[in-house]
Amino acid sequence: MNFIDTHAHLDGKEFDSDRKQVVERAKEAGATKIFVPAIDLPSLDKVEEVCNLYADFAYPMVGLHPEEVRGNYNEVLDNMQERLPGNFIAIGEVGLDFYWSREFEKEQMEAFERQVEWACQMNLPLMIHSRKAQNQLVAILKKYKGRLNGGVFHCFTGNLTEAKQLLEFDNFCLGIGGVLTFKKSNLPEVVKQLPLQRIVLETDAPYMAPVPMRGKRNESAFITHVIEKMAQCYGIEKEVVADTTTQNALRTFPRCV
């Protein structure tokens, strides 16, 4: 059973002591590819370093995470833009996050829109982070609806109405991870009403470990627990979930093929 982890922070310091072993465990579990998003300039350097180390297995993205947006965001984006298109398979992790603070709301929206423009110009998909900001996010994406190259709405945990609104954007998938396995999660009821052809798997490692690994550092090998739960949701074999979501990821991120 092979799968793709479309979102793992393999560059994170949490993996510095045993990254090689983490990659080996992922491969043993069935991972064929891991997609690694950047969140700021320092992480971008590490993302490229890690993906070069594990070429043809780990694939880099470039982007400024909304929680990392500050007053100097244009300077940061100028630096990132100089590296495009490079070997990057997507623009990410980008988006809007108003959960903790709206201090840089205007800057977040401007930074996100600038990076959406990159995706359109470079024919790259987007890896989108959205938290407490769906209305603003959708409003920005609608401006570019005819030019977007698809992508993933990362770590989707919303309701059916929100899911359908996001899937109105062609060639986008919902990224589903460990939250699907949480006991109090409403996500299983939502997922079973969505087409499997619009879903990709992700861990968001080292965060959001699935049951029965909750509380531990998440890693790509744990995605098998998400596959098992998703198979239960759809009433199908685990292999069908793994194969379908793999094809979805390859279709959405053509530069990794």
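# A walk through the helices and loops

In this structure, Ile 227, Glu 228, Met 230 and Ala 231 of helix α8 meet Lys 238, Val 241 and Ala 242 of helix α9. This is a predicted model, and the contact between these two helices is a good place to start the tour. Helix α8 covers residues 223-234 and helix α9 covers residues 238-252; the angle between them is about 110°, and their axes are 8 Å apart. An angle of 65 to 115 degrees counts as roughly perpendicular, and therefore α8 and α9 are described as roughly perpendicular to each other.

Now turn to another helix pair, α3 and α4. Here the packing angle is about 15°, and the axes lie 10 Å apart. Since angles under 35 degrees count as roughly parallel, α3 is roughly parallel to α4. The two helices make a right-handed crossing. From α3, the residues taking part are Tyr 73, Asn 74, Leu 77, Asp 78, Met 80 and Gln 81. Their counterparts in α4 are Glu 107, Glu 110, Ala 111, Arg 114, Gln 115 and Trp 118.

Let us stay with α4 a little longer. How far apart are the end C-alpha atoms of this helix, residues 105-122? They are 26 Å apart, and this agrees with the 26 Å that its 18 residues should span at 1.5 Å a residue. The buried residues of α4 are Gln 108, Ala 111, Phe 112, Gln 115, Val 116, Trp 118, Ala 119 and Cys 120. These buried residues pack against two helices and two strands: α3 (73-81) and α5 (134-143), together with β4 (90-97) and β5 (126-131). Just after α4 comes Asn 123, with a positive phi of about 55°.

Within this helix, Gln 115 deserves a closer look. Gln 115 belongs to α4, and is it buried or exposed? Its relative accessibility is 1%, and buried means under 20%, so Gln 115 counts as buried. The side chain of Gln 115 reaches the backbone nitrogen of Leu 64, at 2.8 Å. Leaving aside residues up to four places away in sequence, Gln 115 touches Gly 63, Leu 64, Leu 77, Ile 91, Val 94 and Leu 126. Leu 77 is also listed among the α3 residues that meet α4.

Stepping back along the chain from α4, you come to Glu 103, in the loop between β4 and α4. Glu 103 has a relative accessible area of 59%, which means that this residue is exposed. Glu 103 and Arg 70 are 33 residues apart in sequence, while their C-alpha atoms are 9.1 Å apart in space. Strand β4 itself has a backbone feature to look for: a cis peptide bond joins Gly 92 and Glu 93, with omega of about 15°. Glu 93 is found in this strand.

A cis peptide bond also joins Ala 205 and Pro 206, with omega of about 10°. Pro 206 sits in the loop between β8 (199-201) and α8, and this brings you back towards the helix where the tour began.

Another loop residue to visit is Phe 156, located between β6 (151-153) and α6 (160-166). With a relative accessibility of 6%, Phe 156 counts as buried. Which residues does Phe 156 touch, not counting residues up to four places away in sequence? They are Glu 162, Ala 163, Leu 166, Leu 174, Gly 175, Ile 176, Leu 187 and Val 190. Phe 156 and Ser 130 are 26 residues apart in sequence, with 8.3 Å between their C-alpha atoms.

Two further loop residues complete the picture, and both have backbone angles to check. Asp 56 is in the loop between α2 (41-53) and β3 (58-62). The phi of Asp 56 is near 65°, a positive value in a residue other than glycine. As for its surroundings, Asp 56 has a relative accessible area of 64% and is exposed. Asn 171 lies in the loop between α6 and β7 (172-176). Although Asn 171 is not a glycine, its phi is positive, at about 65°. With a relative accessible area of 52%, Asn 171 is exposed.

Methods. Residues are numbered from 1 along each chain as its sequence is written. This is a predicted model: local features need pLDDT of at least 70, side-chain atom pairs count only at pLDDT 80 or more; totals for chains, interfaces and linings use all residues. Side-chain values use heavy atoms; hydrogens and water are left out. Helices (H or I, at least four residues) and strands (E, at least two) are DSSP runs, numbered from the N terminus. The expected span of a helix is 1.5 Å times one less than its number of residues. Buried means under 20% relative accessible area, exposed over 50%, partly exposed in between (1.4 Å probe, protein chains only). Contact means heavy atoms within 4.5 Å. A polar contact is a pair of N or O atoms within 3.5 Å; within protein, one must be able to donate a hydrogen and the other to accept it, and residues adjacent in sequence count only if both atoms are side-chain atoms. Axes are lines fitted to C-alpha atoms, for helices over the stretch in contact, and angles run from 0 to 180 degrees between N-to-C directions. Angles under 35 degrees count as roughly parallel, over 145 as roughly antiparallel, 65 to 115 as roughly perpendicular and the rest as oblique. A crossing is left-handed if the near helix is turned anticlockwise from the far one by less than a right angle, and right-handed if clockwise.
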